[in-house]
Amino acid sequence: WCYDQGAVIISMSLGSASESPPINRKAQQLSEQGCWVVAAAGNSGGGTSNVDWPGRSEWCISVAALNKDLTPASFSSAGAKIDTSFSVVNIWGARPGGGYAQMSGTSQATPGTAGTLACYRSGLKALGLPIPNVHELRKIINEDSTDVHTPGVDRRVGPGYLSPALLYMNMTPLPPPVG
């Protein structure tokens, strides 16, 4: 439905230990149509063997949570399929039924990441640059993340913090040489 309404980035905050073949097929279909699906890694803690589905899908960008000091949030699930991380502990958010509350979780990290990716995609479009598919996007995120935990890609934060500044530099054409 979101894609049919024109969405090109979908933020999903749901999770299961078991794969849902229909959701995975839909994520693949959306990806093949050029849509980026961003999914929460889950909140089962750093001792987990892998992130939740659909974040574990190759067709989704999986997001872990970081504390404000960019260390791994204790509640954030761990696993080989973390594509990026975002700082979201004690973020103010709207509550169902009205009002606001401070919340923490990969459910807060996911829309922050989706928003960052929306700005990136918009910039690419404005510059007339190609929009990468989800697999190419994962490589770009890998290159444009700030390593904040153990060196390299790791089970807690993936490649690290998704840096809007590094994404911007990635899409900015180099100035012409002087002289």
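The following paragraphs describe the confidence, strand arrangement, side-chain contacts and backbone features of a predicted model.

Because the model is predicted, local features were considered at a pLDDT of at least 70 and side-chain atom pairs only at pLDDT 80 or more, whereas totals for chains, interfaces and linings use all residues. Residues are numbered from 1 along each chain as its sequence is written, and side-chain values rest on heavy atoms, with hydrogens and water left out. The protein chain has an average pLDDT (the predictor's confidence in each residue, from 0 to 100) of 88, and 94% of the residues score at least 70. Among the elements of the chain (helices, H or I, of at least four residues and strands, E, of at least two, taken as DSSP runs and numbered from the N terminus), strand β2 (residues 36–40) has the highest mean pLDDT, 96, and helix α4 (residues 164–171) the lowest, 73. Where pLDDT is low, the predicted coordinates should not be read in detail.

Strand β3 is flanked in the pairing pattern by two partners, where pairing requires that DSSP finds at least two bridges between the strands. It runs parallel to β2 over four bridges, with A40 standing opposite V63 of β3; four bridges also join β3 to β4, again in the parallel sense, and here V63 stands opposite T84 of β4. Seven of the seven residues of β3 are buried (under 20% relative accessible area, against over 50% for exposed and in between for partly exposed, with a 1.4 Å probe and protein chains only), so the strand is largely enclosed by the rest of the structure. In a regular strand the side chains alternate between the two faces of the sheet. In β3, C60, S62, A64 and L66 point one way while I61, V63 and A65 point the other way, and all are buried. An antiparallel pairing over four bridges is found between β5 (residues 91–94) and β6 (residues 100–103), in which G93 stands opposite A101 of β6. These two strands form a hairpin with five residues between them, and G97 in the turn has a positive phi of about 90 degrees.

A search of the whole structure finds two salt bridges (a side-chain nitrogen of Lys or Arg within 4 Å of a carboxyl oxygen of Asp or Glu). Side chains of opposite charge can pair when their charged atoms come close. D83 meets K81 in one of these bridges, with an N to O distance of 2.5 Å, and both residues are buried. In the other, D83 pairs with R138, the closest N and O atoms lying 2.8 Å apart. This second pair links distant parts of the chain, since D83 lies in the loop between β3 (60–66) and β4 (84–87) and R138 in helix α3 (residues 134–143), 55 residues apart. The relative accessible area is 7% for D83 and 17% for R138, which likewise counts as buried. Through shared partners, the salt bridges join K81, D83 and R138 into one network.

Further side-chain contacts involve N24, which is placed in helix α1 (residues 21–32) and is buried, with a relative accessible area of 18%. Its side chain makes polar contacts (pairs of N or O atoms within 3.5 Å; within protein, one must be able to donate a hydrogen and the other to accept it, and residues adjacent in sequence count only if both atoms are side-chain atoms) with the side chain of E19 at 3.0 Å and with that of S57 at 2.4 Å. The charged end of R121 sits over the ring of W36 (CZ of Arg, or NZ of Lys, within 6 Å of the ring centre and within 35 degrees of the ring normal), at 4.8 Å from its centre.

Several backbone features lie in loops. The peptide bond from W53 to P54 is cis, with omega near 10 degrees, and P54 belongs to the loop between β2 and β3. Positive phi values in residues other than glycine occur at L70, near 65 degrees, and at N90, about 60 degrees. L70 is found in the loop between β3 and β4 and is partly exposed at 25% relative accessibility, while N90 is found in the loop between β4 and β5 and is partly exposed at 37%. Within helix α2 (residues 106–126), P111 is partly exposed at 41% relative accessibility; its C-alpha is 8.4 Å from that of S13, although the two residues are 98 apart in sequence.
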